[in-house]
Amino acid sequence: MDINHLLAIAAVVVFIILLFYSNNPKRFYILYVLCLLPIMDLAITTVEWGRLRVFDFVSYIFFVAFFSDFVKIRRVFLIYNILFCLFILVLVFGSLNSPYIKNSLIALSAVFPVFIYAKALLTECFADREFQKKVVQTLKIVCLFSVLFLVIQMIVGLRFTFYPVLNRNTSIEEGVIRYPSFFHDPQMYGQYLVMTSFLFFINYKDETTLVNINAIGQKLTAAFRNNKPIGYPDIKNYFFFLVIIVALLQTGGRSALVAIFAGMIFLFFVFGTHYKMIIASILIVGAAVFLFFSSSLMILNRAGHLDEDYAFREALWNEARGIYLKHPLLGIGSGNFKPYNANYSNNYTINEDNEVLFFGYGQPESGYWMILTETGALGFIITFLFILRPVYTGIKSYLSGHASIIVFILTAGLISWLITFIAAYSLFDKRILLTLITFICILILESNNKLTYEAEIQ
């Protein structure tokens with residue numbers, strides 16, 4: 001048995017044991033998933049049985065053990081519950097309308113764990129905003145762990161990995177390596193870094209709040225220390241951000257590099273004058289590196305292949321467009337791109353062993369086309385409502401004085417990820433999906449204050 005299967009099974013067994021000894025099972029579940037994020041995508045079942053991952057199993061176990069907590073629907077979550085139900089209906093009807101009904105219905109089993117995680121996270125963070133800070137700090141630590149994993153890979157080689165075979169993107173030319181860290185594909189790792197890098201701009205500081213308590217015959221003054229996401233970063237925050245950029249350069253992801261600078265430009269118009277100067281300095285340094293050292297950096301050397309790579313992707317996009325136009329409303333069904341593409345694709349070649357190799361067999365090299373082909377226009381609209389509505393309500397809440405600048409920092413991460421999503425579909429990787437869902441949940445939290453939630457449940 002491979003090490004990835006052993007790790008996956010061990011992670012589920014340990015979760016079951018610790019869950020029932022935990023004082024707070026919900027928080028334990030959330031932190032367990034985030035702390036063990038590097039192995040949450042390891043598969044347990046085969047492709048024929050939905051290729052369920054560690055995250056799926058621990059989520060279903062948690063759901064069964066604490067089912068009663070999930071039947072309560074809070075008014076503050078209502079719009080997202082409605083969107084989720086509509087999304088499931090679209091996927092079910094799309095599956096029944098697809099040529100691979102069984103395959104598509106099995107793929108649906110991987111959708112519900114996302115809802116389980118999101119509901120648990122929102123509930124716990126609304127109950128205690130200090131827990132939100134712990135979630136953000138955990139994401140930062142795991143991101144830095146990925147950099148450490150990357151450094152070890154650079155020292156000992158790509159044999160330091162969870163996978164028996166890595167994606168072919170790890171080697172683009174003889175002697176040139178794109179490092180994936182604990183991911184299977186360096187392109188996926190690049191997408192992960194562009195999101196999590198902006199978390200290091202979140203700067204929690206201790207604040208002391210004085211409260212006067214009038215008792216009978218006396219007046220007492222109490223001091224409470226709390227942590228609030230001030231948002232504006234210190235020097236150490238910029239240092240860690242630069243560390244992530246250096247790690248990003250090792251992935252060879254061109255779209256990721258463009259995306260992270262796009263996120264920085266967005267923050268340039270949000271932060272104060274002092275911070276604008278620092279961000280502008282980073283952008284200038286980046287431009288100087290591009291102009292004077294482009295021949296020395298692998299990620300910039302790949303710019304010479306832009307025309308060739310675009311022609312390759314254009315062929316896949318045109319093919320995906322043809323699939324979408326045949327099934328515009330509901331798509332071909334969740335999880336059906338691979339079998340559909342294998343039967344109808346013209347983008348293939350035959351190797352020296354007379355083996356047929358499909359280009360884009362797993363995806364059309366675009367997240368947007370992947371969602372359109374599998375879920376149709378209805379699924380596409382609902383998917384991006386989940387992303388764009390929290391951004392809108394979060395910014396609106398900030399402008400009304402009810403949210404911190406963390407809203408813009410998370411939005412910068414989402415903008416960067418959306419740019420990289422043009423070049424590759426990544427939501428099949430649970431680690432990226434979990435990071436995205438966590439960003440969205442925190443934005444929802446920032447647009448709904450704690451007092452509203454407490455008043456509702458009393």
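These are my notes on helices, aromatic rings and the nonpolar core of a predicted model.

**Ground rules.** I worked with a predicted model, where local features need pLDDT of at least 70, side-chain atom pairs count only at pLDDT 80 or more, and totals for chains, interfaces and linings use all residues. Numbering runs from 1 along each chain as its sequence is written, and side-chain values use heavy atoms, with hydrogens and water left out.

**Helix H3.** I looked up H3, residues 54-65, first; helices here are DSSP runs of H or I with at least four residues, numbered from the N terminus. H3 has 12 residues and spans 17 Å from first C-alpha to last, close to the expected 16 Å (1.5 Å times one less than the number of residues). Val54, Phe55, Asp56, Val58, Ser59 and Phe62 of H3 are buried, meaning under 20% relative accessible area with a 1.4 Å probe, protein chains only. I found that their cover includes H1 (3-19), H2 (25-35), H6 (112-127) and H17 (430-446).

**Helix H15.** H15 (367-399) has 33 residues, yet its end C-alpha atoms are only 31 Å apart, against 48 Å for a straight helix. I traced a bend of about 120 degrees to Gly376 (the angle between axes fitted to the seven residues ending there and the seven starting there). After H15 comes Gly401, with a positive phi near 85 degrees.

**Rings.** I counted pairs of Phe, Tyr and Trp rings (six-membered ring for Trp) with centres within 6.5 Å; planes under 30 degrees apart are stacked, over 60 edge-to-face, the rest tilted. The count is 37 aromatic pairs. Phe15 and Tyr29 make an edge-to-face one, at 6.2 Å and 65 degrees. That pair joins H1 to H2 across 14 residues, and both Phe15 and Tyr29 are buried. The Phe15 and Tyr32 rings have centres 5.2 Å apart and planes at 50 degrees, so I logged this pair as tilted. Phe15 is in H1 and Tyr32 in H2, so the pair ties together parts 17 residues apart in sequence. Phe15, Phe28, Tyr29, Tyr32, Phe55, Phe62, Phe66 and Tyr117 form one aromatic cluster.

**Core.** I then pulled up the largest nonpolar core, which has 121 residues (buried Ala, Val, Leu, Ile, Met, Phe, Trp, Tyr and Cys joined through side-chain atoms within 4.5 Å). H17 gives the largest share of this core, 12 residues. Trp417 is among the residues with the most contacts inside the core. Beyond neighbours within four places in sequence, Trp417 touches residues including Gln191, Met195, Ile387 and Leu436 (contact: heavy atoms within 4.5 Å).

Note on methods: Helix = DSSP H or I, 4+ residues; strand = E, 2+ residues; numbered from the N terminus. Buried < 20%, exposed > 50% of the residue type's maximum accessible area, 1.4 Å probe, protein only.
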